Amino acid sequence: MINFDIVNKLSIRELNEILKNPNFNLEDLKFPAYKNIYSFNYLRSAIDFLWKNINLKNKKVVFPAFTCPIVIEIALRNGIEPIIIDCDKDTFNLDFKEIEKLDFSNIDAIFVHHVFGNILDIDKLRLLVKKNVIIVEDAANCIDDNDYIGKGDYLLLSLYKYFPNFRGGLLLSNNIFQDSYELLMRDKIDYKDKLSFLLHIEGLHQYFFNLLRSKRIPEEENMNTLEWEILKCDNLSLKFYLNQRLKAKKEIESRKLLRKYYLENLNPKYFYEQKVDLDHSYMNFSIVLKEDFNKFRDEIYKDLRKKNIFVDRMYFNAPLKEYAKYCHGECKNAFYLASSIINLPIRSSYDEKDIKFLCESVNNCLEILTA
Ligand SMILES: Cc1ncc(COP(=O)(O)O)c(C=O)c1O
C-alpha cells in the first residue's frame, strides 16, 4: 500500500534496522565549522536556549516573514524586538532586496531559514549585513548532509522533519554553553509517544488512521498559549536521526529525480514551483497556486484528504496576524504564499507512476473547482 502522505513513513524492515543498530554518537555529525553540539527535545527549545544564553533582551533581530510563527513567539518571550521582513515570492526564502533596505547599525542578529530545504546563500547574506551581526541559521527543513549549510554563527537542525522520528532538535555552536546545558533534565520517549509513532510506520493500520484523518482538519495551534520545557533530547530520537541521515544523499538524489516528474505532470496553468536558490533537499514538493486560483487552496486540501492524499499548507499561519505590527512593510509575498502553497509528498519510495497519480489528482481537483 502506497502512502500519499506528507507525514513520513518507515517500513517495518527500516524500523528493525534502526532498532538493531547500535547507538551513534552525536560526534558522528561532521560539522567542522562548529565545536559544540547540543541536543534538545524540540527545536523551539534549542532556539529558546540560544536566546537565553546569548541574551539579546531589548535588542533588534531580523526574522523572515515566511517561517514558522513559533520562531517569532520565542523571540518575543525572550524580550527581543523582531523586525520581520518579506520573502521572495519564487524562492520563499528571505528577500535580499529587503535586507538591503535595512539599517544594520542597530540590529544585533538575523535569523534565516532555508524554507522547505531550499538553501539560501549565507555567504552572500554575510556581505550585506554588518560584520558583527550574528547569523542564526535555521536548517530545520534540510537534512544536514549538504555543503552549503552551516555557514551561520549558529546552526539549528531538526531531528524529525525530514525523516520519521519522535521529536528533537540540535544547536551547533562555537560558544560553550555546557554549564547551563548540564542543568537541563532529559526528555523521555514514553509509551504514548511510541503509540503515536504508529502513524509513521507502514502497514494496514494506516487505513484506520486515514479514515479518521480524512474527516478531520487539523486545528491551528495557538502560539500565544503554547508551552514547552527546554529538555535534553532523548537517546531514542538521536538514534533514529543519526541512523537515517546516513541515507540522506541517496534520498535527496531520488527526490530531485521525482521533482522532474512533478514538473512534467502538473498543469502550469494553475501552479508555479518553488525556485531553487543554491541547492534543495526537498523536504516536500511545494507548489504555489497562481493568483486566479489561490482561493481554492483550502478546498483542494480538503478534497485531497477525502481521496486519502494528505498534503499540507505549511506555513498557512505565517506571519501570524498578531505579529503584523513587527513587519517591515506589508510582507505581501509572505501573506500570499501563506494562502497559496500546497506541499505535496515526495520520497524515494515513489516512482514516476505515483507522481503522475498525485499530479492528476491535484489537476483534477482544480478542473472540477473551476468548471
Ligand atoms: C523553520 C522552523 N524552525 C523551528 C521550528 C520549531 O520546531 P519544533 O517543532 O521542533 O519545536 C519549526 C516548526 O515547524 C520550523 O518550521
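## Helix 3 and its surroundings

Let's start just past a helix end: helix 3 is followed by Gly79, a residue with a positive phi near 75°. Please keep in mind while reading that this is a predicted model.

Helix 3 itself covers residues 70-77. Which of its residues are buried? The buried residues of helix 3 are Val71, Ile72, Glu73, Ile74 and Ala75, so a charged residue, Glu73, sits in that list alongside nonpolar ones. The cover over these buried residues includes helix 2 together with three strands: strand 3 (60-64), strand 4 (81-85) and strand 5 (109-113).

## Around the ligand

Helix 3 also takes part in the shell around the ligand, where helix 2 (43-54) and helix 3 each supply at least two residues. Among the residues around the ligand are Leu43 and Arg44, along with Ile70 and Val71. Val71 therefore appears twice in this story, as a buried residue of helix 3 and as a neighbour of the ligand.

The rest of the shell is made up of Tyr42, Thr67, Cys68, His113, Asp138, Ala140, Ser158 and Gly169. By character, the residues of the shell divide into six nonpolar, four polar and two charged. The charged ones are Arg44 and Asp138.

## A three-stranded sheet

Further along the chain lies an open sheet of three strands, in the order 9-10-12 and with antiparallel pairing. Why do strand 9 and strand 12 each have one side without a neighbour in the sheet? Strand 9 (271-273) and strand 12 (341-344) stand at the edges, and each has a single partner strand, so one side of each is left open in this way. On average, neighbouring strands of this sheet are turned by 35° against each other, direction ignored.

For a closer look at one pairing, take strand 9 and strand 10 (residues 285-289): they run antiparallel and are joined by three bridges. Phe271 has Leu289 of strand 10 as its bridge partner. As general background, strands of a sheet pair through backbone hydrogen bonds, either parallel or antiparallel.

## The chain as a whole

Stepping back, the secondary structure of the chain comes to 13 helices and 12 strands. The C-alpha trace spans about 55 × 50 × 40 Å along its principal axes. A compact globule of 371 residues would have a radius of gyration near 21 Å, and the 20 Å of the chain agrees with that.

Of the 371 residues, 39% count as buried. Among contacts with a separation of 6 or more, 73% are between residues 24 or more positions apart.

Conventions. Residues numbered from 1 in each chain as written. Predicted model: local features only at pLDDT ≥ 70, side-chain atom pairs only at ≥ 80, totals over all residues. Pairing = 2+ DSSP bridges. Helix = DSSP H or I, 4+ residues; strand = E, 2+ residues; numbered from the N terminus. Axes fitted to C-alpha atoms, helices over the stretch in contact; angles between N-to-C directions. Near = placed C-beta within 6 Å. Buried ≥ 20, exposed ≤ 12 C-beta atoms within 10 Å, placed from the backbone. Contact = placed C-beta atoms within 7 Å. Rg over C-alpha atoms; globule rule 2.2 N^0.38 Å.
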